[in-house]
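Got the coordinates loaded? Let's work through a few exercises on them, each with a solution in small steps.

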Amino acid sequence: MKRNLRLCLLALLLSTPFCLMAQSPARYGFLNRAAVIALLPETARAHAHLDSLRVKYEAEARYNETAFRRQYSEYLQVQKNLPEAILLKRQGDLQMSMERGLAFRREAENLLKKAEGELMGRIGEQVDAVIRAIGAERGYDFVVDTSAGTHPYLNPEKSEDITPFVKARLLNVQ
């Protein structure tokens, strides 16, 4: 009987730390990643570069449209006097010119999206590396990004806003 009692007490004493560890609250951090990215000087430079590209592509598209309008205007002026073969050729030329202009606009848009993805992707990778480092240093189980608005409540007793730490690290790295 005493032996069973001792074993029960021993089992109880040994299991207590494990129970306490299992019930310890998970620590996590949170931040608005989009707001942090918006504050970085690299983001402003990336947007300036994208705006510069956009202006160049838009100027080229306007040039193409002006050339098409001029070509169409000339066609309208002489269409009554042209033989059918030349008329069909000019119509074909106008069609090709219009298709080239539209294709250029589509390609310019795709190139701008690709450039934005590359530039902002590099910035996002830099921010994510800092978030991971701070999460490891501060012993978080995970870090939540609140920028999407999908976390309406985060328990303040179990979480910590890591935005100031991330901003400080990123702005000191610059």
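What follows is a set of exercises on fold, helices, sheet and single residues. This is a predicted model, so to speak of local features we ask for pLDDT of at least 70 and for side-chain atom pairs pLDDT 80 or more, while totals for chains, interfaces and linings use all residues. Residues are numbered from 1 along each chain as its sequence is written, and side-chain values use heavy atoms, with hydrogens and water left out.

**Exercise 1. Work out which elements the protein chain has and in what order they run.**

Step 1: Take helices and strands as DSSP runs, numbered from the N terminus (helices are H or I with at least four residues, strands are E with at least two). That gives 5 helices and 3 strands.

Step 2: Read them off from the N terminus: α-β-α-α-α-β-β-α.

Step 3: Check burial, where buried is under 20% relative accessible area, exposed is over 50%, and partly exposed is in between (1.4 Å probe, protein chains only). Buried residues are 20% of the 174 in the protein chain.

Step 4: Count contacts, meaning heavy atoms within 4.5 Å. Of those between residues at least 6 apart in sequence, 85% join residues at least 24 apart.

**Exercise 2. Describe how helix H3 packs on helix H4.**

Step 1: Two packed helices are described by the angle between their axes and the distance between the axes. Axes here are lines fitted to C-alpha atoms, for helices over the stretch in contact, and angles run from 0 to 180 degrees between N-to-C directions.

Step 2: For H3 (residues 41-78) and H4 (residues 84-138), the angle is about 175° and the axes are 10 Å apart. That makes the pair roughly antiparallel, a label for angles over 145 degrees (under 35 is roughly parallel, 65 to 115 roughly perpendicular, the rest oblique).

Step 3: Sort the contact residues: 20 are nonpolar, 8 polar and 9 charged. Ala, Val, Leu, Ile, Met, Phe, Trp, Tyr, Cys and Pro count as nonpolar, Asp, Glu, Lys and Arg as charged, and the others, Gly among them, as polar.

Step 4: Look at which H3 residues are buried: Glu42, Thr43, Ala46, Leu50, Ala61 and Tyr75. The buried residues of H3 pack against H2 and H4.

**Exercise 3. Compare the spans of H3 and H4 with what their residue counts predict.**

Step 1: The expected span is 1.5 Å times one less than the number of residues.

Step 2: H3 has 38 residues and should span 56 Å; its end C-alpha atoms are 56 Å apart, which agrees.

Step 3: H4, with 55 residues, reaches 80 Å from first C-alpha to last, close to the expected 81 Å.

Step 4: Move just past H4, and Gly139 turns up with a positive phi of about 75°.

**Exercise 4. Assemble the sheet from its strands.**

Step 1: Two strands pair if DSSP finds at least two bridges between them. E1 (residues 28-31) and E3 share 3 bridges in the parallel sense, and E1 and E2 share 4, also parallel.

Step 2: The result is an open sheet of 3 strands in the order E2-E1-E3. E2 (142-145) and E3 (159-161) are the edge strands, each pairing on one side only. The twist averages 30° from one strand to the next.

Step 3: Pin down the register: Gly29 stands opposite Glu160 in E3, and Phe30 opposite Val144 in E2.

Step 4: In a regular strand the side chains alternate between the two faces of the sheet. Both faces of E1 are covered, with Tyr28 and Phe30 buried on one side and Gly29 and Leu31 buried on the other.

**Exercise 5. Place Thr43 and Val143 in their surroundings.**

Step 1: Thr43 sits in H3, and its 5% relative accessibility counts as buried. Beyond neighbours within four places in sequence, Thr43 contacts Ile37, Ala38, Met120 and Ile123.

Step 2: Val143 belongs to strand E2 and counts as partly exposed at 28% relative accessibility. With neighbours within four places again set aside, Val143 contacts Gly29, Phe30, Leu31, Ile131, Gly135 and Ile162.

Step 3: Val143 and Ser159 are 16 residues apart in sequence and 9.1 Å apart in space, C-alpha to C-alpha.
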